[in-house]
Structures are given as structure tokens and as C-alpha cells.
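Me: I am new to this structure and would like to learn how to read it feature by feature. Could we begin with the surface and then work inwards?

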Amino acid sequence: MTIEHPHEVVTKALVRFVQVPGLARKAALITLDNGLDYTKPNSFGPGGLLSLDEAITTATAGDPAFIALTGKPYIFCVGADITGIPYITDKSQALELGELGHRVFARLKNSTIPTFAFINGAALGGGLEVALHCHYRTVSTGAAALGLPEVAIGLVPGWGGSQLLPNLIGAPGAAQVILQNPLTQKVLRPKQARELGVADEIFEAADFLESSLAWAAAVVQGAKSVERPEVDKDMWDGVLFFAKQQLDEKLHGAVPSANKALELLALAKDASFEDGTAAETRALADLIMGDESRASLYAFDLVQRRAKRPVGVPDKSLARKVTKVGIVGAGLMASQLALLFARRLQVPVVMTDLDQTRVDKGVGYVLGQIDKLASRGRLDEGTAAKLRGLVSGSVDKSVFADADFVIEAVFENLDLKKQIWAELEKIVSPEAVLATNTSSLSVTEMAADLEHPARVVGFHFFNPVAVLPLLEIIKGERTDDATLATAFAVGKELKKSSVLVKDAPAFVVNRVLTRFTSEVFRAVDAGTPLDVVDTAFDPLGLPMRPIALLQLVGPAVAYHVGETLHRAFPDRFDDSPNLKKIVDAGLPLLVDDEINPEVVKLVAGGSAPSTADEVREKALAALAEEIRLMLDEGVVAEAQDIDLCMVLGAGWPFHLGGVTPYLDRSGIAERVTGKRFLPKGVGSLPA
């Protein structure tokens, strides 16, 4: 074998023969277990596949009534061990890995002994694919996630998933699982998997294995029959045509893995299983040896590893305990924060505002959201009742006297924020952390006049708060380690991915996006039509075009952040007259997903229009320049932190690997700044 993974944590396939009531012969139970707890999931590298191969041989030799495959507690298998992909340096190795998985898994599909998958926990990628090869499947109500997420990391289901799934549940369901879910970062829950037909039966987690064994015995004996609806092949082509239209509209052909997955789904309609899986192997090998998959894996590693171990954080032992949270403001952002803090920390949360009407509206919003979560089954009634009792409001800031952590979420005005902190300092204890949700203002200036400026920290969330996982934690010049450690501990409890950021204008995401917007409107101010500017970035496959992004952020917010950066760096950030016109007019930028004709008229003019290619090249060059300056200024520790912020806070696509790998691969980084952001082979193929 030429494929090697020198650091593979081998998931062993352990065989035991168990007596199941009602059966004369024992059943062979194969358990996947890498010997570690659930925080280190099972995965398939070359060693793991060979172990499963040996286990199937052992199980078959025992002449069991049936063979069942399950996983260690909480984990079935989360797929291929992608940490081994960097060791694949030749296409022949990629082909060999694909063929090995197909050969081993096919033994379960082709077995003359009935095979079952007891999906007791998370089953993703190759983990779900090995289950699909089994003749029957049960799923536990406690299985955290099921899916085929490969497209999101620049690959395709390469071990049978693209061929088996559509022929099991139909093209619509398969397109959802293989394309739609990965591209929207969704997975299947157990109930959904059962409803789609991915699993034949669902059992409670408490006695899942016993129930699955009894059910399998009944199936083998003929006491239970498994009926699956016939797949409708008449609608197959239409479903995939619609899916391609959707992909072209959103990604503009920029994600090779999505296009390959579509081709494989189309092939699955009429091709033999052998021909389909051979095509899978070729597609997988092509993608593994492409830049997009390496970029995607780089982004995946950032999200899965670096985000969980932020750089530069003081020792967690310095963190203070938070037993009550205060929130200054009761508007939409403040109300979202109140809900998040109450749900995650489960401590009293109190909001204040200028009058009782605003306070009541804010508290009412939080209580309404709790009711919605309970009605949808996302909160049990006991927890919902507890949360309702934790949230309150007042017009008197003295309610913050015993709060350990107070965050303000008021209008972006430095004088207003300084006034709020001056008032609060007389009320809260000297150890209470004062956090600001500012998107661009200086944390240092905000704390300058306080008696205890060391306990002020930036705590910048992204909207919508419940959805976007990024939290920029900003260290002011006088922020002390205990405050910073507390901020990161709270961020972790909130289940956010926190990045340490220097107190610099607009921090990371807003600075990068505003430089981008500034270049876009520089082209508009020069006379480039809005539709040319808007489609200029389609080749990148960004999640939103510039005008849609601007509408989401809000032109007024974008203009305000732009003003902050224009004052700080007037040579690079323009004060766009056309953006000011849009803000003053208050017109919607989009009408029925098209650029508003009234806005087009409003910004018409200029005598030096650019082409779409020129707009794109200038904007990307500007990003390279700005990111290099941010790194030189020490805004974050490394380029990886900027990529992490852009992926989690701005939706920068995985297939680009974040910002810096793309700027490196395209040569823009070296052309503009004289050097790469990342070493060769990081976020791209080895040199």
C-alpha cells in the first residue's frame, strides 16, 4: 500500500459474538472504537479501513445470524480521517484511498449474511456511507448529526454515498443531503433521517443497542418487514436541473465539488453501482489533488481546531466567576444578547433602557423567543420556565450593582458610551467586567476616563447573534489579564469562537469588509454601473454579492464604520458621496432580489468606469494591502486569525480557504505586498 498516514489514530473494528433472544445462532457485532472519548471521534484512515476489513472477515467466518456495525458511545463514525490528506502527494495515492474504501464497504453490501448499521451517534461522510452499504439501518434519538458534508470541504461523497443515497431516498432527498445541507452548514437529525428513509427505524438512546438487536433479529426471522417506497426516477432529471440552477445562481460555478457532486447524482440514475463508484473514485482523486479541497481543509481546520484554542489568551485560572449579567440597552441587538446569555450561562440577566416602554419591549422579545424555542421542541418546558425567570428589565441602572459582567449595546457614539461607563462605574463593583459591543470604536478611548479602565474589554458580536459564531474580543491598552481571561471564558460558555484582537479601528471583519466596500464604491463613484460592480465577484463564489451584503449590514452602519476608518486612514478608505446619497435617501438597495432602479438613478454619473475584471482585481489588491498592514500592526497574531474571522463572521467560503490562501494562490499577495501570507502548501497544494 502506498497511502500512508504516519499520525493516524486508528479506529479499530472490534468483533464480538452476542446471543440475541429468539435466534439459534449468535450475531456478530462490530464496534468502531479509536480508544478515545467522544471528543475524539472515530474516523477512517487507511489503518481504520483495513481493521474493518479484517473484522468483516472474522465476523463472516463465525457464520452469524447477522452482522451489525455500531460505534463507541455517542459516536458512530465521522468519516474519512482528513488529517491524512496532506500526506497524499500523488493522484495515484488518492485513487488508492478511494478504491480501498469502496472495496471494504462493498463487502457489507454484497454480503450473503444480513448486515445492519446501528447508528448510535454522529455519522458523517464515510461514516454514513458505510452505514448505507448495510442492508438495514437503525438510528438512535441521541445521534447528534447525520450527513454527507464533503461538498463543504471541497470533496464529494467518495465511498458510495452519491450512488447509494439517491437510489434509497430519491433525488430530492439526496440533493438536500449532498448539496443543500453542506452548503448551508446543516445536518440531519435522527428524526429527519428516519422520515427521509435514510434509517429504517429509530429507537430511544437509553436502550438503543438492545432495541436494535431485537429489531434486527425480528427482521432476520421475518417477523418484521422493512418496506421502502419505490424511488421516482421520472422526476430525477428535473430535480437535478433545478439544483444546478440554484447552484449557478448562488455559486456561479465557483465550487468544483458541488459541480462534481451533481454529475455523480445524475450518473446514479442509470449507471451500475460499479460504474458509479468508479466515477466517484476518479472525482474524489481529482478534487483531493486540487487547490479548492486543500483550501477547504485549511478553513475546516481553522474552524475545528484554531477556533477552539485561541492564540494569546491569558491563563483561564485568572477568569472570574459570572453569576449575573447586565445589559445596557433593550433594542434588538441587546435583546438578542439577553437571550443568548440567559440560555448559555443560565444566570440572571437584567436589561435597562431610557424608559419602561423600551424595557418592556426588550424583555417581551426575549420571552417571546423562549416561547418559540419551547414550542418547536428546542427547549423543554422546565428549562423554558427557568429562563423566563432569569430575564428582567429596569429603567434604574442600580440593578447592575451585583452584576459581574455588564455589556452595553447602544448606538455607536463614543461620548454616549463613555457617559454610560462613567455612570456604571459608580454602581458596579471594581472587579465587574465592563464589555462593549462596539463594531468600530476604540475600547481604549472608551475606558480612558474611568477609575478602573483595566476591566473594560471589547466584546463584538455579529448579527444575527444566535447564528454567527464569531466573537471578536478586543484588548484595550489597559485591559488586564483577569478581564481578558473572564471575557474568553464567557465567550466559551456562550459557545462562540473567540479571537483576540488588538484595539485598532474597526477590528478585523469590519475593517476588511469596509476596505472591500470602499473599493467597490470607489468604482461606483468613478461611473461603474451598479450591476457591473455587483457581478464582478461572481467568479469567487462569495455567499453574497456586494449590494446584498450592503443591504444586510445596513448602508447607514456601513457608512458609519467607513467614517471611522476614513478618519483613521484617509489615504485608503474613501468617504463615498454615493454611499452617503444611498444612506440619506433611505431607499432599499434590492427590490425582489434585483438592484432597486431608483438607487441606480441615484448613483448614476462618473466618467471613468471600470470593467468587472478591473473592479475585482483592484478590490482584491486592496484586501491584500489591508491585511498585510493589519498583520504588521499586530491587529491579530497571525494571518490564520484573519481567515478565521472572515469565515465565521463574514461567511467567506471554505472553498477559498478564507481570504489569505486565495490571495496567495492567485499571486495577488506577492504582487501587492512582496510576499505570501502563508507558507507554501498551507491552504493549497504543496509546491
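Reply: Gladly, and please keep in mind that this is a predicted model. On the surface, Met544, Leu552, Val553 and Val557 together make a nonpolar patch of about 330 Å².

Me: Where does methionine 544 lie, and is methionine 544 buried, exposed or partly exposed?

Reply: Methionine 544 is found in the loop between α19 (530-535) and α20 (546-553). A residue is called buried under 20% relative accessible area and exposed over 50%. Methionine 544 has a relative accessible area of 35%, so it counts as partly exposed.

Me: How should I read the pairing of strands in a sheet?

Reply: In general, the strands of a sheet pair through backbone hydrogen bonds, and they do so in either a parallel or an antiparallel way. Here, an open sheet of six strands follows the order β1-β2-β3-β5-β7-β9, and its pairing is mixed. Its edge strands, each pairing on one side only, are β1 (12-18) and β9 (201-203), and from one strand to the next the twist averages 25 degrees. Within this sheet, β2 (residues 27-33) pairs with β3 (residues 67-71) in the parallel sense over five bridges, and threonine 31 has threonine 70 in β3 as its bridge partner.

Me: Which helices lie across strands of that sheet?

Reply: Helix α3 (residues 126-133) lies across β3, β5 (115-119) and β7 (136-140), running at about 145 degrees to β5. Helix α7 (residues 208-221) lies across β1, β2, β5, β7 and β9, and it runs at about 155 degrees to β5.

Me: Why is strand β16 described as largely enclosed by the rest of the structure?

Reply: Strand β16 (residues 470-475) is described in that way because five of its six residues are buried. Strand β15 (residues 456-461) pairs with β16 in the antiparallel sense over five bridges, with glycine 458 having isoleucine 474 in β16 as its bridge partner. Strand β17 (residues 497-502), by contrast, pairs with β16 in the parallel sense over six bridges, and there isoleucine 473 stands opposite leucine 500 in β17.

Me: Could we finish with one residue of β17, and ask whether serine 497 is buried or exposed, and which residues serine 497 touches?

Reply: Serine 497, which belongs to strand β17, has a relative accessible area of 15% and is therefore buried. Leaving aside residues up to four places away in sequence, serine 497 touches Ala307, Pro469, Leu470, Leu471 and Leu648.

Key. Residues are numbered from 1 along each chain as its sequence is written. This is a predicted model: local features need pLDDT of at least 70, side-chain atom pairs count only at pLDDT 80 or more; totals for chains, interfaces and linings use all residues. Side-chain values use heavy atoms; hydrogens and water are left out. Two strands pair if DSSP finds at least two bridges between them. Helices (H or I, at least four residues) and strands (E, at least two) are DSSP runs, numbered from the N terminus. Axes are lines fitted to C-alpha atoms, for helices over the stretch in contact, and angles run from 0 to 180 degrees between N-to-C directions. Contact means heavy atoms within 4.5 Å. Patches are made of residues with over 30% relative accessible area and no salt bridge: like charges are joined within 9 Å, nonpolar side chains (Val, Leu, Ile, Met, Phe, Trp, Tyr) within 5 Å. Accessible areas come from the Shrake-Rupley method with a 1.4 Å probe; for residues, only the protein chains shown count as cover. A salt bridge is a side-chain nitrogen of Lys or Arg within 4 Å of a carboxyl oxygen of Asp or Glu. Buried means under 20% relative accessible area, exposed over 50%, partly exposed in between (1.4 Å probe, protein chains only).
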